[in-house]
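Please look over the sequence and the structure shown here before reading on. The report then takes up a pocket, the contact between two chains, and a pair of charged side chains.

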Amino acid sequence: MFKDGNLIGKDSRMLKKNAGAKLPKFNINKKRMKNRIFLSRFSRHLFSLSAVFALVVLGILLFDIISESLGWLNVKFLTNNLSIFPEKAGIRGALIGSVYLMLIVIPVTLVLGVSTAIYLEEYSNKGKIANFIKVNITNLASVPSVIFGLLGLSVFGRILNLGSSILAGGLTMSLLVLPIVVVASQEAIRAVPGFLRDASYALGANKWTTVRKVVLPVALPGILTGSILAISRAIGETAPLVVLGIPTLILKIPTGIMDDFTALPIQIYYWTLDTVLTPEYANLAAATIVVLLGVLFIMNSAAIIIRNKFQKKF
Amino acid sequence: MSIANEKKKEAVYDVRGLNLWYGEDQALKDINMEIEENKVTAIIGPSGCGKSTFIKTLNRMVENIPIVRTTGEILYHGDNIFDKSVKVEELRTKVGMVFQKPNPFPKSIFENVVYGPKIHGIKDKGLLMEIAESSLRSAALWDEVKDRLNDNAYGLSGGQQQRLCIARCLAVQPDVILMDEPTSALDPIATFKIEELIESLKKDYTISIVTHSMQQAARISDKTAFFLMGELIEYDSTSVIFSNPKDKKTEDYITGRFG
């Protein structure tokens, strides 16, 4: 840096000193260039091959499941209750159970997750404690789901005595996907350009007004996209429910959040286990998988549509 | 503040012994200057001289950077803005700011202009419309946007966006407008329009403008302050600064010998 306006002298001296600097002479290695062009083409094919590989595996899986479910998947399958006769069995209970589960998971994760993200991004002073919390939330997102099941079993199932009710399952699932919602919301909030916040503050807005009127509306598509993906994970998750002891056979369709319930993935799990006894259960499991995939497909499409439609450019 | 207002003091701002640090680095060193009412005060100086920091201190926007520390006083109509009794939200309704890059909200043109009045509690639709129209007229934008007030502000050109930001700032009825290089992202025609606008706003507002362009400072300002290395080197009427500066460093800078 410069001092007392003498920068001029120093700067111009540096300029003069460097003015004569020349690039050293070198030749471009033609042979290496050939190799590099080959490498470039090769890597392109390698990458497309890996993409194709993933698609092929998915295709085989889908084909297998759909062909097994053919003839079994119809409206009756969706509306019938469980039955010991495979021809009469349906997934009404599991569908309703899954819907109930989402009725707990969606509000709990959205409220807690978005609030946490707002706190971490907008309010917390970026000190050591905030950093510690952030690192831990990111770590939580990669904890195996069965661990969350154990946590849910001991805290919600045993200590709070909720048993294997919808509330216990819903809260456990919420814990499982909460870190994903927090991280996704944090990223969406962080992506809101600082100059928009500045504009709001400069007009005399306080922090909460700025967050509510400027930050959240801009971040909302990102938050929704992340949340929908997280929630669709909760729909498909099995392990925590198994640990909670969610039954597959329920004779009573749940009517409130304290009732016992079963859910789609659990249904699939038990039907798959019982194929030894009744081979047709494999078809029922396949049909349930198709239903679950359909739900996930719709939710993921919604996430993509929201992202594309509301993405704002600055 | 209102009582002080009635005294009709000539100086809107009286900066006394202002020092500012970003962490360990001192960005402003013992600044003393008065900003006069209904005048355009230009602040010039090379990059990193503290001119933007200074202007952002006047509405305390600089405090959004957590590591900033200040000493000294800035009297706004006689009240120290660093005083605990001063609400920063209230100060910023009196002291508006226009930024380097046009920064409209991703909302409609109308919603942009009435953002300030709305957050300060005005709900009456007719009144909001009146505010929007008069602010847009004052910012010389009304004729260009009156038929598309509900269109997104990002459909406007850069120059129009910047005038929209000025309108948005006028809508909260400030008494000072701080401008931080408002034309540096604009083409010459848009720049010319903004400069004309500044001329016309002068009679109702006190304007302080940071600029990299010395021609701009010479064209539009009544007084010019030259900053260097965080110090206020010279502060005088614009004609003196550009024709007969007292300090050698000022002369070197305005004649383009450095910076």
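A pocket, as the word is used here, is an open set of grid points where a 1.4 Å probe fits, with protein on both sides within 12 Å along at least five of seven lines, and its volume is the space filled by probe spheres set on those points. In this model, which is predicted, the largest pocket holds about 720 Å³ of space.

Thirty residues line the largest pocket, and those that lie nearest its centre are A:Tyr201, A:Lys207, B:Asn64, B:Ile65 and B:Pro66. Two or more lining residues come from each of α4 (92-123) and α8 (194-202) in chain A, and from each of α2 (51-58) and α3 (88-94) in chain B. The largest share of the lining, four residues, is given by α8(A).

How is the contact between chain B and chain A made up? Chain B brings 28 residues to the contact and chain A brings 25 residues. The size of an interface is often given as the accessible area lost when the parts come together. Here the two chains bury about 2200 Å² between them, with 70% of that area on carbon and sulfur atoms. On the side of chain B, the residues that lose the most area to chain A are B:Pro106, B:Tyr115 and B:Met229, which together make up 22% of what that side buries.

Between chain B and chain A there are zero salt bridges, whereas four residue pairs, with both residues at pLDDT 80 or more, are in polar contact. The classes of residue are set out below for the pocket lining and for the side of chain B that touches chain A.

| Set of residues | Nonpolar | Polar | Charged |
|---|---|---|---|
| Lining of the largest pocket | eleven residues | eight residues | eleven residues |
| Side of chain B that touches chain A | 15 residues | five residues | eight residues |

Over all chains, the structure holds 18 salt bridges. One of them joins A:Glu122 to A:Arg197, with the closest N and O atoms 2.8 Å apart. Because A:Glu122 lies in helix α4 of chain A and A:Arg197 in helix α8 of chain A, this pair ties together parts that are 75 residues apart in sequence.

How values were computed:
Residues are numbered from 1 along each chain as its sequence is written. Chains are lettered from A and ligands numbered from 1 in the order in which they are written. Side-chain values use heavy atoms; hydrogens and water are left out. On a 1 Å grid over the protein atoms alone, a cavity is a set of points where a 1.4 Å probe fits but cannot get out, and a pocket is an open set with protein on both sides within 12 Å along at least five of seven lines; lining residues have an atom within 4 Å of a point. Ala, Val, Leu, Ile, Met, Phe, Trp, Tyr, Cys and Pro count as nonpolar, Asp, Glu, Lys and Arg as charged, and the others, Gly among them, as polar. Contact means heavy atoms within 4.5 Å. Buried area is the accessible area (1.4 Å probe) that two parts lose on being put together, summed over both. A salt bridge is a side-chain nitrogen of Lys or Arg within 4 Å of a carboxyl oxygen of Asp or Glu. A polar contact is a pair of N or O atoms within 3.5 Å; within protein, one must be able to donate a hydrogen and the other to accept it, and residues adjacent in sequence count only if both atoms are side-chain atoms.
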